[in-house]
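User: I should like to learn how to read several structural features in a protein model. Please give the general idea of each and then the case at hand.

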Amino acid sequence: MRTQVAIIGAGPAGLLLGQLLHREGIDAVILERRSADYVLGRIRAGVLESGTVDLIARAGCDQRLRQEGLPHDGVNLCFGGARHRIDLAGLTGGKQVTVYGQTEVTRDLMEARSAGGARTVYEAAGVHLEGFGGSRPVVHFLKGGIAQTLECDFIAGCDGFHGVCRQSVPERAIETFERVYPFGWLGLLADVPPVNEELIYVNHEDGFALCSMRSMTRSRYYLQCPADEKVEHWSDQRFWEALRARLDPEAAAALTTGPALEKSVARLRSFVAEPLRFGRLFLAGDAAHIVPPTGAKGLNLAASDIRYLSEALVEYFNGGSTAGLDAYSTKALARIWKAERFSWWMTSMLHRFPEVGRFGHKIQLAELEYLVSSEAASASLAENYVGLPY
């Protein structure tokens, strides 16, 4: 097989890159070690920055997003038993975020790729990269037990935190930065109406909580829990009772409960790899960085990587310039670290950290009170939440 760009990973990052390149006449083959059904079964966040929505539109995959996505002009912070609204649109000149599940983004991109006849190989096992330090990269893999070889000009590593691409880089050529947080999020998905029309972030003495949604009939809720918590220890009833106890009285009274469609525990970490280019291999998305989900930046940060990388590849193949490729790592990392800072700050402000004690909690409350009483502080949160400029 021969292609211009070999994309490793068929998550949103890889699919979005593939679709953007396809629309520019650039051939790309996507290799994914899992099945298509498995990829679609992943439950992930779904708060999209306006820039991410614009990029999906550029990929020609925004029709259902425009019809079914939920635009949000604000977000709510709850502490001390009271709720405070941050006016995102009013503080950012009209910018919004849009609630639209990552699963739905993935589905739209998969369908567009299939309709366009672009090549995706699912259940590609034993992926192995060679030659990306030179001018003739090669990707080896197994499909149905048969060895295959994919020759290409560039490799895009969009295969996630545990993927093969970053692991293929010599240890001396890459530096990583990481913080693992001492807690996790216990998440529950249910077909019940959301407790509020906008997201609610909660700082409570029992721990953090988040009220989110996938639609006006499907809700996603989270509770801070120990990092090693077991899902089986949490009945639906226990979850709903714990959530209600952390909410303000109005939200607690409005909470509709129902059977869980899915429950899981996710550990929180901050992670960045530097640089993002290694010869003809480029890292993007979770292969390059992880953020705690508190700031709603995971998918959006992957999309910003793909914006920079897709534009650089188009510039190379259609314009003959390497300037964008040469600048990719520096440009992407500048935005990555700002999003890492925001996600770390939101996490630090809203969660209970065992090591900080009563003093640390008082500092959190002071921070929150300043945030909701200062227009400048609120504007800073809003600017970051809706997405920094590219």
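Analyst: The turns below treat a helix pair, salt bridges and two buried positions.

User: What should be known about the model and its numbering beforehand?

Analyst: This is a predicted model, in which local features need pLDDT of at least 70 and side-chain atom pairs count only at pLDDT 80 or more, while totals for chains, interfaces and linings use all residues. Residues are numbered from 1 along each chain as its sequence is written, and side-chain values use heavy atoms, with hydrogens and water left out.

User: At what angle do the axes of helix 3 and helix 10 cross?

Analyst: Helices (H or I, at least four residues) and strands (E, at least two) are DSSP runs numbered from the N terminus. Axes are lines fitted to C-alpha atoms, for helices over the stretch in contact, and angles run from 0 to 180 degrees between N-to-C directions. Here, helix 3 (residues 50-58) and helix 10 (residues 298-319) have axes that come within 9 Å and cross at roughly 45 degrees. Helix 3 is therefore oblique to helix 10; angles under 35 degrees count as roughly parallel, over 145 as roughly antiparallel, 65 to 115 as roughly perpendicular and the rest as oblique.

User: Which residues of helix 3 and helix 10 make the contact?

Analyst: Contact means heavy atoms within 4.5 Å. Helix 3 contributes Thr-52, Leu-55 and Arg-58, and helix 10 contributes Asn-300, Ala-303, Arg-307 and Glu-311. By class, this contact has two nonpolar, two polar and three charged residues. In this scheme Ala, Val, Leu, Ile, Met, Phe, Trp, Tyr, Cys and Pro count as nonpolar, Asp, Glu, Lys and Arg as charged, and the others, Gly among them, as polar.

User: How many salt bridges does a search of the whole structure find?

Analyst: A salt bridge is a side-chain nitrogen of Lys or Arg within 4 Å of a carboxyl oxygen of Asp or Glu. The search of the whole structure gives 20 salt bridges. In one of them, the side chains of Arg-64 and Glu-104 meet at 2.8 Å, N to O. This pair links distant parts of the chain, with Arg-64 in helix 4 (residues 63-68) and Glu-104 in helix 6 (residues 102-115), 40 residues apart. Both residues also belong to a network of salt bridges that links Arg-64, Glu-68, Glu-104, Arg-107 and Asp-108.

User: Is Arg-220, in its salt bridge with Glu-262, buried or exposed?

Analyst: Buried means under 20% relative accessible area, exposed over 50%, and partly exposed in between (1.4 Å probe, protein chains only). Arg-220 counts as buried because its relative accessibility is 3%, whereas Glu-262 is partly exposed at 21%. Their side chains meet at 2.5 Å, N to O. The pair joins strand 16 (residues 219-225), which holds Arg-220, to strand 17 (residues 260-274), which holds Glu-262, across 42 residues.

User: Where is Thr-294 placed, and which residues does Thr-294 touch?

Analyst: Thr-294 lies in the loop between strand 20 (289-290) and helix 10. Its relative accessible area is 0%, so Thr-294 is buried. Not counting residues up to four places away in sequence, Thr-294 touches Trp-185, Tyr-201, Phe-208, Leu-268, Ser-343, Met-346, Thr-347, Leu-350 and His-351.

User: How far apart are Gly-285 and Asp-305 in sequence and in space?

Analyst: Gly-285 and Asp-305 are 20 residues apart in sequence and 6.6 Å apart in space, C-alpha to C-alpha. Gly-285 sits in the loop between strand 19 (281-283) and strand 20 and is buried, since its relative accessible area is 0%. Leaving out residues up to four places away in sequence, Gly-285 touches Ala-302 and Asp-305.
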